[in-house]
Amino acid sequence: MKIRTQDAKRYLDYAETYAEAYGSSGQAAVYALSLFYPEPVCIGIYEDMSRAKGVLYEMGLAHQKQERVFYAPAG
């Protein structure tokens, strides 16, 4: 499966995704680990952790449906 990131023109093949707090305003970022990049790639920054976890859940559903590309929602 590939992820279409918000800020990149290419698709990202990913191995694992996760969310963590971002900044001091309660926002959360979703990251993907990839075999092709040495650092985690930011998929998007969302208003809070519950929204970021919702994005992770949507990715999981897309993966279960065997969809080839997941278009990350805007933050």
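The side chain of serine 34 reaches the backbone oxygen of aspartate 13, at 2.8 Å. This is a predicted model. Serine 34 sits in a loop, between strand S4 (27–33) and strand S5 (41–46). Both strands also supply residues to the largest nonpolar core. The points below cover serine 34, that core, a salt bridge and glutamine 66.

**Serine 34 in its loop**

- Serine 34 has a relative accessibility of 11%, so it counts as buried. The cut-off for buried is under 20%.
- A second polar partner is the backbone nitrogen of phenylalanine 36. That nitrogen lies 3.1 Å from a polar atom of the serine 34 side chain.
- Serine 34 touches Leu12, Asp13, Tyr14 and Ala15, leaving aside residues up to four places away in sequence.
- Aspartate 13 therefore appears twice: as a residue that serine 34 touches, and as the owner of the backbone oxygen that the serine side chain reaches, a pair that falls within the 3.5 Å limit for a polar contact.

**The largest nonpolar core**

- This core has 13 residues.
- Those with the most contacts inside the core are Ile3, Val30, Ile43, Met59 and Phe70.
- S4, S5 and helix H1 (49–64) each supply at least two of the core residues.
- H1 gives the largest share, with 4 residues.
- Isoleucine 43 touches Ile3, Val30 and Met59, among others. Its contacts also include Thr5, Gln6, Leu12, Tyr31, Ala32 and Ala72. Residues up to four places away in sequence are not counted here.
- Leu12 links two topics: isoleucine 43 touches it, and serine 34 touches it too.

**The salt bridge**

- How many salt bridges does the structure hold? It holds 1.
- Arginine 51 and glutamate 58 form a salt bridge. Their closest N and O atoms are 3.2 Å apart.
- Side chains of opposite charge can pair when their charged atoms come close.
- Are the two partners buried or exposed? Arginine 51 is partly exposed, because its relative accessible area is 25%. Glutamate 58 is partly exposed as well, at 31%. Partly exposed covers the range between the 20% and 50% cut-offs.

**Glutamine 66**

- Where is glutamine 66 found? It is in the loop between H1 and strand S6 (69–71).
- Glutamine 66 has a phi near 60°. That is a positive value in a residue other than glycine.
- Glutamine 66 is exposed, because its relative accessible area is 68% and the cut-off for exposed is over 50%.

Conventions
Residues are numbered from 1 along each chain as its sequence is written. This is a predicted model: local features need pLDDT of at least 70, side-chain atom pairs count only at pLDDT 80 or more; totals for chains, interfaces and linings use all residues. Side-chain values use heavy atoms; hydrogens and water are left out. Buried means under 20% relative accessible area, exposed over 50%, partly exposed in between (1.4 Å probe, protein chains only). A polar contact is a pair of N or O atoms within 3.5 Å; within protein, one must be able to donate a hydrogen and the other to accept it, and residues adjacent in sequence count only if both atoms are side-chain atoms. Contact means heavy atoms within 4.5 Å. A salt bridge is a side-chain nitrogen of Lys or Arg within 4 Å of a carboxyl oxygen of Asp or Glu. A nonpolar core is a set of buried Ala, Val, Leu, Ile, Met, Phe, Trp, Tyr and Cys residues joined through side-chain atoms within 4.5 Å.
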